[in-house]
Number of protein chains: 2
Amino acid sequence: MATKTLGGTYDITELTKYNESWQGEYTGKSQLVIFPKSTQNVSDALKYCNTNKIAVVPQGGNSGVQGGAVPVYDEVVINLSKMNNIRSLDKDSGALVCDAGCILEQLDNHVNEFGLTMPIDLGAKGSCHIGGNISTNAGGIRYVRYGSLHGSVLGLEAVLPDGTIINNLSTLRKDSTGYDIKQLFIGAEGTLGIVTGVSILTAKKPSKLQKFLEESFNLEIVSDGVLAQDITQQNKLWMIRESIIESISKGNKVYKYDLSAPISKLYDVVNDVNDRLEKLIPGLISKGGEIINQMEPADVGYVKSVNGFGHIGDGNVHLNVVVSKYNQEIEELLEPYIFEWVQSLNGSISAEHGVGIVKPAVLKYSKEPEVLKLMKMVKDKLDPHAIMNPYKVLM
Amino acid sequence: MATKTLGGTYDITELTKYNESWQGEYTGKSQLVIFPKSTQNVSDALKYCNTNKIAVVPQGGNSGVQGGAVPVYDEVVINLSKMNNIRSLDKDSGALVCDAGCILEQLDNHVNEFGLTMPIDLGAKGSCHIGGNISTNAGGIRYVRYGSLHGSVLGLEAVLPDGTIINNLSTLRKDSTGYDIKQLFIGAEGTLGIVTGVSILTAKKPSKLQKFLEESFNLEIVSDGVLAQDITQQNKLWMIRESIIESISKGNKVYKYDLSAPISKLYDVVNDVNDRLEKLIPGLISKGGEIINQMEPADVGYVKSVNGFGHIGDGNVHLNVVVSKYNQEIEELLEPYIFEWVQSLNGSISAEHGVGIVKPAVLKYSKEPEVLKLMKMVKDKLDPHAIMNPYKVLM
C-alpha cells in the first residue's frame, strides 16, 4: 500500500517488525512507519513532525542491541532502508559516498571489487545500515586495525529536526576548517537528526601477504593462532567468532554488558563477577568457568555461566551472565556492581553498542556531570521540541 | 617577575614574542601574558575574564601559520607552556595522557623509549604544543599512516569560558556513550575553551622491518624512492622535507595556500595558477616550473615561482606563490580564484593549518551555510560573551 503524506510518497506496511528490536527485548507501539526515498523526503517528514510535535524514531537495519532503533511508545518510525544507493567511490583516495540506508555487507562487497575494504565489520553486517553503524558509533572486529568511525567518517549528510539539510558530505581526508560538526552525529543514535548520507574512508584490502603483515603487527600480544588458507576458511573462522552471541543466547536468558577498560584489567570483570555470584548466591557451584546451581529451582532461575569474549586488542570485553531465567536477585548483584567496577577504572559502560533505551540512566558511570550537561545543551539546542528518538541516549 | 592575579600566581614577562606569530605576519598589542601552571589556574583565569568580559587568546608553541595563536588587539594571552607534565602512559594500549603544553617532540621522545610513536609529526615539532596541534586539528607527515586527530585523540580536558572544567580525559579506545563532546575542541583553535589535558593513542613504533612494510603499503603510488639505512640518514631525509618551507621563504615573500582536493586533481592547482599568472601578468616568462618577470621592476614586485609540495597521500597540497614583494595586482589574480578552484572540487581551503585570523572570511568556500550556522550556534552557546580568541575561525 502506498499513501501520499508528509510531503512525499511512502509505503505503509506491516508494523510488527519495525516495533521490535533484534532479539525482541524491546517493543514499541508505533502505528506508522515511513520509508523515505530521498533526503528531501526525510526533510519533509521531519519538518512536518517538528511543526506538529510528533516524536520520531530513525531506524536503519534494526540490528542494534540497546533498543535505540525501536519506538518506546507510538513514535513514528522513519526507516531508511529505501535510501540505499551508492553515490560515488573515489578509487584513488578510497572515499566512498553512499546513502545511509546501504547495508554494510553490500558496501563491503562493492568496494572489494576495487581492491578496497570497509573500515568497519560486525556480526550484523548482512542487515545493519551504514547510517546505523555511524549513529551508534559501532565498533566491530576491524576496529583494532582501522580505528574509530570518528577518524574514518569523512563527511555526513544529515537532516535536523526542523528539516534543515546539513550537507557536510566531504570526501577529503584532511580538513581543518573549524569545528567538525559531523562528529556530533556519530554516536547520537538519531537523537539530534537523521543521518541520510555518508562519506567514509575505505582502506586498501589486505592481500594475503598483507594479511600476514597485519597479523605480525599484533604478534607481541598473540600467543597462539591460525592463518586461514583461503577465503572459505577465512569466512568459517570468522563465523565461529560471529556466532558466539547466538550460541550464548540459544535457549537462555543473558545479562549482556559491553565494557571498555584498561587492557591489563579487562578480563578481571569476568572473574570478579563470577566470584561475586558464587559467593553471594547460596547453592551456586563453580565448575571451571561455569557456575551451576545444583538445586536449579525452576521458579527462581539460576546462573548457567559467566563469560567474556571479544576485542582484547582495543580494550573492549563483552561480559555475559547466562541465566536460565531473569531474576531480580541476580540482577541486583550485577547492577550497579558492574557499572561501579567500570567507573573505578574510568572505563565505558558501552564500548561499541551505544546507549539506546537501556543505558541513559547509567551513563553517569562513564560521563562526568559537566560532559552530560554539554550533551544535554547540544540536544536542547538542536532538537528544541524533543521529537528525535525520545528516551534514548539522554534521560 | 611574579605577580598574584586572576586567582593564581603567574609570571609576566616581555611581551613581544607572545604578540607575534611565527613568521611575524600577524602582530597584536597584548599587555598581559599569563602562564597557568594547572587546570585550576586556567579555570580561575577564564572565570575572571568571562565575568569581566575580557577577551583572551589561548597560546601554545605559537608555531601556527594562520595567526590563530596571537592577539589581534589587546586580548590577554594565556600561554600553556608551563603546563608541560606527562601524566601517564599505558604501555599496553599506548594511551598517553599529558598536559596540553607538552612539546610534541618531547612527547615523541618519551614514548619512543617504550617502543611507541606519536601519531602526529610535523616540522614545528620542536616548539609546537600537543594542545595547539589538537586545537588546530593539525595534519603533518604521519597523517597518511595514522589518520586524523579526530580518531587518535581519546580524550580531552578542557576549560570552558565560564571556568567549568570538562573532564573528558578518557584513555579508552572504544566508547559509544553518546555525543563525543571532545570532538568540538579539535580544530576549534581555542574559540570554545582552552584544552588543558590530552589523552592520545600512540602507535607501536615501526621497526626497520615494519618501516619497510609501511613503505610497501604505499608501493602502488610510489614510482621512485629511497630507504634510510640508519636513524641519522632517516633524520637527514626528513630534514630535506621539513626545510622546504624555510627555503621557500628565505629572502622572499610567499602567498601560501594549504589545500585539500581529490588526489587525481590535486597538482592541477599549481599548473593552473602558474598558467593564469603567466597569461595575465604581462612580462612574466615561465622557465620550467619558474616564472620570471624579466623587467623585475623593484617597486612592483614579481612572481619568482609557483610551486606545490606535500602530502599527495592524503590529498593535501601546499601551494606557494613566491614573490619578490607583496603586490595587490598579483593578489587579486590569486584570490578568490584559488578558493573558487577549491570549491569547485569540494575541496578544503585549509587542509591542516586551521583557520586562524586569515581565513574566517573565506570559510564559505569550504563549508555550506547550514554548517557555518551550526558552528556559530555552538560558539554562541559555549562562549556567550565571545571572550575566546575573537576574530578567529568564525567572523
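## Report on a predicted two-chain model

In chain A, A:Pro336 is placed in the loop between α11 (328-334) and α12 (337-344). The structure is a predicted model, and this report describes its cis peptide bonds, its symmetry, one annotated domain, its small sheets and its cavities.

### Backbone features

The peptide bond that leads from A:Glu335 to A:Pro336 is cis, and its omega is near 10°. In chain B, B:Glu335 and B:Pro336 are likewise joined by a cis peptide bond, with omega about 10°. B:Pro336 is found in the loop between α11 (328-334) and α12 (337-344) of chain B.

A further backbone feature concerns A:Asn389. Its phi is near 45°, which is a positive value in a residue other than glycine. A:Asn389 lies in the segment after α13 (369-382) of chain A.

### Relation between the chains

Two copies of a chain are related by a rotation about an axis and a shift along it. Here, a turn of 180° and a shift of 0.0 Å along the axis lay chain B on chain A with an RMSD of 0.0 Å. This is the relation of a two-fold axis. Within chain B, the C-alpha nearest the axis belongs to B:Gly151, at 1.9 Å from it. The same surface serves both copies, as 100% of the contact residues of chain B recur in chain A.

### An annotated domain

The UniProt record, an unreviewed entry, places the feature "domain: FAD-binding PCMH-type" at residues 26-205 of chain A. In the model, the end C-alpha atoms of residues 26-205 of chain A lie 37 Å apart. The span is 21% helix and 23% strand.

### A three-stranded sheet in each chain

Chain A contains an open sheet of 3 strands in the order β3-β5-β4, with parallel pairing. Its edge strands are β3 (33-34) and β4 (56-59) of chain A, each of which pairs on one side only. Over 2 bridges, β3(A) pairs in the parallel sense with strand β5 (residues 76-79) of chain A. The bridge partner of A:Val33 in β5(A) is A:Val77.

In chain B, 3 strands also form an open sheet, in the order β3-β5-β4 with parallel pairing. Why is one side of β3 and of β4 in chain B left without a neighbour in the sheet? Both β3 (33-34) and β4 (56-59) of chain B stand at the edges with a single partner strand each, so one side of each has no neighbour in the sheet. The strands β4(B) and β5 (residues 76-79) of chain B run parallel and are joined by 4 bridges. B:Pro58 stands opposite B:Ile78 in β5(B).

### Cavities

Rolling a probe the size of a water molecule over the atoms shows where empty space is left. How many cavities of 30 Å³ or more does a search of the whole structure find? The search finds 3 of them. The table gives the volume of two of these cavities and the classes of their lining residues.

| Cavity | Volume | Nonpolar lining | Polar lining | Charged lining |
|---|---|---|---|---|
| Largest cavity | about 220 Å³ | 4 residues | 12 residues | 6 residues |
| Second largest cavity | about 80 Å³ | 4 residues | 4 residues | 4 residues |

Which residues lie nearest the centre of the largest cavity? They are A:Leu154, A:Asp175, A:Asp180, A:Lys182 and B:His150, out of a lining of 22 residues. Two elements of chain A, α6 (149-152) and β9 (153-159), each supply at least two residues of this largest cavity's lining. The element that gives the most to the lining of the largest cavity is β9(A), with 3 residues.

The second largest cavity is also lined by residues of chain A and chain B. From chain A, the lining includes A:Ser260, A:Ala261, A:Pro262, A:Ile263, A:Asp314 and A:Gly315. From chain B, the lining includes B:Asp90, B:Ser93, B:Thr171, B:Leu172, B:Arg173 and B:Lys174.

Methods: Residues are numbered from 1 along each chain as its sequence is written. Chains are lettered from A and ligands numbered from 1 in the order in which they are written. This is a predicted model: local features need pLDDT of at least 70, side-chain atom pairs count only at pLDDT 80 or more; totals for chains, interfaces and linings use all residues. Side-chain values use heavy atoms; hydrogens and water are left out. On a 1 Å grid over the protein atoms alone, a cavity is a set of points where a 1.4 Å probe fits but cannot get out, and a pocket is an open set with protein on both sides within 12 Å along at least five of seven lines; lining residues have an atom within 4 Å of a point. Grid points are joined across faces, edges and corners, and a volume is the space filled by probe spheres set on the points. Ala, Val, Leu, Ile, Met, Phe, Trp, Tyr, Cys and Pro count as nonpolar, Asp, Glu, Lys and Arg as charged, and the others, Gly among them, as polar. UniProt positions are given in the numbering used here, feature names are shortened, and annotations may be inferred rather than shown by experiment. Copies are superposed by least squares on the C-alpha atoms of residues with pLDDT of at least 70 in both. Contact means heavy atoms within 4.5 Å. Two strands pair if DSSP finds at least two bridges between them.
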